Amino acid sequence: MWTSCALLLLLLGLGLQIQCYQCEASRDCATPDFIVNCTVNVQDTCQKEVLVKDDGIHYRKSCASSGACLIASSGYQQFCTGKLHSVCITCCNTPLCNGPPQKRRTPQSSTGTSATLQGALVSACVLLLLLEPLLC
Ligand SMILES: *[C@@H]1O[C@H](CO)[C@@H](O)[C@H](O)[C@H]1NC(C)=O
């Protein structure tokens, strides 16, 4: 049981390494020097913050876990006005998706579904591990 679960988690993890832009700058950084490898199986999301300050627009980009990014982005939704002191946080989960806005984007829902499936599989696995002593 342990091994099959470990294998399952490993397989899930193998597909989960993504790269994101990481920087904190006053421009929309998107050159190869800003590309980082995100932590396998933990950081499955690229996060992008756009802040409107007195001296202009600032960008903060990084890898993140999808949960943390979604919480941040929904928490700041009311501050995303596009005006002075606006803070907008967006999350996406395709490689390098936190670069400058693209004309054509892959819909987020398709990748969101696979993340949900993955979460369900991990939960099932943990549940099995917890139940194992009771079954034997
Ligand atoms: C990211 O990982 C790839 C291979 O997995 C490696 O070639 C590359 O140098 C890494 N990049 C950084 C910025 O660590």
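Four strands make up an open sheet in this predicted model. Their order is 2-5-4-6, and the pairing is antiparallel. Strand 2 (23-25) and strand 6 (87-92) stand at the edges with a single partner strand each, so one side of each has no neighbour in the sheet. From one strand to the next, the twist averages 10°.

**Pairing in the sheet**
- Strands of a sheet pair through backbone hydrogen bonds, and the pairing can be parallel or antiparallel.
- Strand 4 and strand 6 run antiparallel and are joined by six bridges.
- Glu49 has Ile89 of strand 6 as its bridge partner.
- Helix 2 (residues 66-75) packs on the sheet and touches strand 4, strand 5 (56-64) and strand 6.
- The direction of helix 2 makes about 150° with that of strand 6.

**Glu49**
- Glu49 is found in strand 4, which spans residues 45-53.
- Glu49 counts as buried because its relative accessibility is 12%, and buried means under 20%.
- Leaving aside residues up to four places away in sequence, Glu49 touches His58, Tyr59, Arg60, Cys88 and Ile89.
- Ile89 is thus named twice for Glu49: as a residue that Glu49 touches and as its bridge partner.

**The ligand**
- Gln19, Ile35 and Asn37 surround the ligand.
- A polar side-chain atom of Asn37 lies 2.4 Å from an oxygen atom of the ligand.
- On its own, the ligand has 360 Å² of accessible area, and the protein covers 27% of that.

How values were computed: Residues numbered from 1 in each chain as written. Predicted model: local features only at pLDDT ≥ 70, side-chain atom pairs only at ≥ 80, totals over all residues. Heavy atoms only, no water. Helix = DSSP H or I, 4+ residues; strand = E, 2+ residues; numbered from the N terminus. Buried < 20%, exposed > 50% of the residue type's maximum accessible area, 1.4 Å probe, protein only. Contact = heavy atoms within 4.5 Å. Pairing = 2+ DSSP bridges. Axes fitted to C-alpha atoms, helices over the stretch in contact; angles between N-to-C directions. Near = heavy atom within 4 Å. Polar contact = N/O pair within 3.5 Å; in protein donor to acceptor, adjacent residues only side chain to side chain. Areas by Shrake-Rupley, 256 points an atom, 1.4 Å probe, with all protein chains shown as cover.
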